[in-house]
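Visitor: I am new to this structure and would like to learn how to read it. Could you walk me through a few features, one at a time?

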Amino acid sequence: MWHIVRLSLLLASLCAHMSHGEEKQEGQKMGHVSVVIVGGTGDLAKKYLWRGFFQLYTKQISSGYTFSFYGGGLSPGDKGTATFFEILKGVNCSKELSLQRCALLKEQFLRLARYQQLKTIDDYQALCNDMEQQLQQEGMVETGRLFYLSVPAFSYADIADKINNSCRPSHGAWLRVVLEKPFGHDLTSAQILATQLGTSLTDKEMYRIDHYLGKQVVSKILQFRKENNKFLSPIWNKHHIDRVEIVLKETLDAKGRIPFYDQYGVIRDVLQNHLTEVMSLLTMKLPENLSNAKEVLRNKLRIFSVLQPLGKNRAVIGQYQAYNKEVQKELNKTKDYFSYTPTFAAVMVHIDMAQYEGVPIIVTSGKMLDERVGYARIVFKNDIFCVQNQNSMHCKPKQIVFYFGHGSLQYPAILVTKNLFKPSLKDSEWKNVTEHKDVSVLGLHISDYYILAAKEQREAYAELITQIFQGRKDSFISAENLLASWGLWSPLLNSLANIFPRIYPGGDDNGSLLDFYVRAKEISFASEAVVMSTPDQMGGMATDSFQVMQGKYRSNNMVSAWAEELVQRLAADLQVAAEAAVSEGGTFHLALSGGSSPLALFHRLSQHHYSFPWKNTHVWMVDERCVPLTESESNFYNLHEHLLQHIRIPYYNIHPMPVQLHQRLCVEEDGGALLYEREITQLVNSSSFHFVLLGVGYDYHTASLFPGGKLDGHGDRLVALTESPVKPHQRMSLTFRAINRARKVAVLVMGKGKHELVTQLSRVKDDLNKWPVTGVQPENGRLVWYIDYDALLG
């Protein structure tokens with residue numbers, strides 16, 4: 001059969017040469033190429049790979065090459081063959097081929113293909129024997145063997161070993177082995193995989209494929225930058241670029257892929273590979289020679305050495321609401337199981353070099369979003385201020401968009417706003433688009449852009465398969481690049497391992513739920529999630545209630561999150577209250593409690609809230625130990641060390657409690673409590689603090705108001721001397737009268753050690769002498785509980 005097929009192939013080749021007037025390229029080595037897709041009946045092979053290899057075949061048939069194609073699988077021959085040929089019958093020809101020629105080539109392609117079970121070393125040996133026998137029978141010279149491993153990564157090393165030991169070509173023919181992502185799970189696993197593969201294959205023989213590098217627009221980024229460098233060079237820097245956005249949005253869920261997806265999540269699945277590759281193409285130094293693969297890969301690698309480390313403060317993550325049920329179903333998990341795997345992530349990257357200093361690169365992807373679209377956008381600063389005509393082209397955003405496809409535009413294109421420059425791309429397969437539909441792209445009408453687009457849309461896999469055949473490696477991942485990328489992402493993945501992702505409903509219902517702030521070098525969600533729990537659940541919340549961020553606790557408002565996010569929220573709420581008070585009356589009166597819980601808040605305020613109106617803020621103490629203010633046991637000492645010395649606040653706005661008078665500590669006759677009360681009465685309008693921050697002790701005390709302390713006997717007093725059951729026993733404290741006059745009271749509860757306390761408090765009735773914190777009941781203000789997940793859930 002093979003000699004008949006070969007004769008048909010040569011005749012078709014001759015006809016093609018005669019009809020198209022093509023000539024053999026000088027120095028080109030012709031011969032026979034064997035193509036093996038291991039996993040040849042799988043989903044990827046069905047959707048993309050066989051179509052790509054068929055297109056390669058139709059292009060190369062007139063060049064003098066001959067081919068044989070093998071679909072490898074685990075199924076026995078009879079079963080696998082039927083499935084295999086059903087897939088091959090579905091391949092399509094490109095538009096330039098006539099129907100008659102398409103039918104001829106497709107028939108020949110089917111005759112050149114066969115299924116081969118590939119399970120054991122004997123199966124690979126049988127495959128190799130078949131290849132050798134075919135070469136001998138037909139008298140063909142072998143050019144090379146191409147193995148495409150469309151199988152899970154855990155089997156790469158074993159298959160590579162089998163290829164190395166039983167199926168290497170001889171007589172100078174090349175061997176090329178294509179590896180599909182993921183290349184490992186983190187840096188360590190990637191290093192192990194690289195070492196294992198290195199014992200069987202050379203780096204030259206390995207082609208680590210990322211199909212995003214085959215997308216038409218992505219493959220033209222460097223060429224576009226180079227050909228338009230005279231315009232881009234002056235503005236491709238921190239002085240002109242406001243930010244870079246690299247976005248891939250999907251409307252689909254992960255159903256059917258859960259066994260894979262739940263191990264990897266959106267960061268490993270998309271950000272670490274596809275979007276990181278795009279980022280490197282946008283920011284790397286332009287190669288002198290774009291066709292020099294070594295120079296391209298070397299320049300791409302260098303950018304990783306100047307990327308700043310990623311911490312969890314540079315990422316926000318989410319999970320669509322139905323995902324956990326899909327996990328429970330597909331992985332046979334119980335109903336109380338909860339997956340932390342994110343299906344949405346936004347990460348901010350910075351480059352530590354003068355050219356890009358301070359420019360945020362925002363990398364975003366997610367499933368179950370509002371639309372399917374992918375793009376990279378460079379947003380430039382606009383230094384023109386239009387006094388009257390706000391619709392002037394000069395006042396519109398300046399941006400370059402590498403549009404990967406789908407979305408409102410539907411086709412891949414490079415767009416440059418007309419207030420930047422008119423771009424060019426010297427490629428016969430690309431064109432300037434002048435006629436277009438009435439659509440908007442990223443906030444601008446399509447007519448505001450110059451548009452470059454491919455004349456014909458081509459599949460990424462087909463493009464990369466052609467490059468593999470040609471031996472080009474510039475669009476593939478080198479071992480060094482792979483490990484450098486994992487070196488960037490692995491620390492972030494580790495820091496996010498126990499962070500609960502924000503729950504979002506999916507599609508248009510997401511609204512603004514996933515919007516995020518970008519401030520300095522931190523990223524955070526712009527709004528809080530909606531709570532879905534009830535007060536009686538607080539005692540024993542199930543894991544699926546992690547989605548709550550706001551709710552009710554003891555009939556008052558509650559905010560809950562992981563500790564770091566909770567402190568961020570409390571600090572933000574404090575600033576909102578401060579700004580409102582200053583706007584209303586010019587002054588903000590803040591009373592702060594002692595203890596360890598507020599220390600993280602103090603740090604947050606001093607390090608991140610530079611616009612806090614400190615010069616208009618008066619800081620008061622909720623309670624104080626009767627020790628000198630210069631000793632570490634003093635609440636004021638800790639407040640000073642962790643906050644006051646780090647902010648610019650007038651010294652006369654700071655009000656420590658007078659626990660030491662006449663060189664004595666908390667002596668009733670010295671009148672320290674009355675003195676502080678008088679100061680409050682004089683400076684604080686109606687003795688009503690704008691914001692009081694409290695904590696709760698293990699014995700349910702708050703401020704320095706302890707159980708059994710006859711707390712209802714303070715009457716109208718605002719400040720009182722109290723007794724603590726632990727040393728130092730003597731304390732000074734605001735009374736419930738002072739606390740409950742406040743406009744807002746926040747009770748901060750953090751740590752797993754407080755879980756039992758939170759559970760008990762959710763059930764008890766008000767009794768300020770037994771459970772003093774139950775006496776916190778603002779008269780005209782409001783009480784908000786800030787409880788972290790550790791305290792809430794244990």
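Visitor: Let me begin with a side chain: which side chain does the side chain of Glu 205 join in a polar contact?

Guide: Good place to start. This is a predicted model, and in it the side chains of Glu 205 and Arg 168 are joined by a polar contact of 2.8 Å. To find Glu 205, look in the loop between helix 7 (187-198) and strand 6 (206-209).

Visitor: Is Glu 205 buried or exposed?

Guide: The idea is to compare its relative accessibility with a cut-off: buried means under 20%. Glu 205 has 12%, so it counts as buried. Beyond its neighbours within four places in sequence, Glu 205 is in contact with Arg 168, Leu 175, Arg 176 and Val 177.

Visitor: Arg 168 has come up twice. What reaches its backbone oxygen?

Guide: The side chain of Arg 145 does, at 3.4 Å. Arg 145 belongs to strand 4, and its relative accessible area of 0% makes it buried. Its side chain also has a polar contact of 2.5 Å with the side chain of Glu 142. Setting aside residues up to four places away in sequence, Arg 145 touches several others, among them Ser 34, Cys 128, Glu 132 and Trp 174. Leu 175 and Arg 176 are on that list as well, and both are also in contact with Glu 205.

Visitor: Now a helix, please. What span should helix 3 have, and what does the model show?

Guide: Count 1.5 Å a residue: the 12 residues of helix 3 (residues 77-88) should span 16 Å, and the end C-alpha atoms are 16 Å apart, which agrees.

Visitor: Which residues of helix 3 are buried?

Guide: They are Gly 80, Phe 84, Ile 87 and Leu 88. These buried residues cover an arc of only 95° around the axis, so they are on the same side of helix 3. Here is the general idea: an α-helix has 3.6 residues a turn, so residues three or four places apart point the same way. On the other side of helix 3 you will find Asp 78, Lys 79 and Glu 86 exposed.

Visitor: What covers the buried residues of helix 3?

Guide: The cover includes helix 2 (43-60) and helix 4 (99-111), together with strand 2 (66-73) and strand 3 (113-117). You can read helix 6 (residues 156-166) in a similar way. Its buried residues include Tyr 156, Ile 159, Ile 163 and Ser 166. The buried residues of helix 6 pack against strand 1 (32-38), strand 4 (142-149) and strand 5 (174-180), and against helix 5 (121-138) and helix 7.

Visitor: How do I read a strand? How many residues of strand 24 are buried?

Guide: In strand 24 (residues 617-621), 5 of the 5 residues are buried, so the rest of the structure largely encloses it. Look at the two directions: Thr 617, Val 619 and Met 621 point one way, while His 618 and Trp 620 point the other way, and all are buried.

Visitor: Which strands does strand 24 pair with?

Guide: Strand 23 (residues 588-592) runs parallel to strand 24 and is joined to it by 5 bridges. There, Leu 590 stands opposite Val 619. Between these strands the chain passes through helix 16 (residues 599-608), making a right-handed β-α-β crossover. Strand 24 also pairs with strand 26 (residues 654-655), again in the parallel sense, over 2 bridges, and the partner of Val 619 in strand 26 is Ile 654.

Visitor: In which sense do strand 11 and its partners run, parallel or antiparallel?

Guide: Antiparallel. Strand 7 (residues 241-249) is joined to strand 11 by 8 bridges, with Ile 246 opposite Ala 376. Strand 12 (residues 398-406) pairs with strand 11 over 8 bridges too, and there Tyr 375 stands opposite Tyr 403. Strand 11 (residues 373-380) is mostly covered, with 8 of its 8 residues buried.

Visitor: And how many helices and strands does the protein have?

Guide: It has 21 helices and 33 strands. Of its 794 residues, 56% count as buried. The C-alpha atoms fill a box of roughly 115 × 65 × 40 Å along the principal axes. Finally, among contacts between residues at least 6 apart in sequence, 76% join residues at least 24 apart.

Methods: Residues numbered from 1 in each chain as written. Predicted model: local features only at pLDDT ≥ 70, side-chain atom pairs only at ≥ 80, totals over all residues. Heavy atoms only, no water. Helix = DSSP H or I, 4+ residues; strand = E, 2+ residues; numbered from the N terminus. Expected span 1.5 Å × (residues − 1). Buried < 20%, exposed > 50% of the residue type's maximum accessible area, 1.4 Å probe, protein only. Arc of directions from axis to C-beta. Contact = heavy atoms within 4.5 Å. Polar contact = N/O pair within 3.5 Å; in protein donor to acceptor, adjacent residues only side chain to side chain. Pairing = 2+ DSSP bridges. Right-handed = clockwise from strand over helix to strand, strands pointing away.
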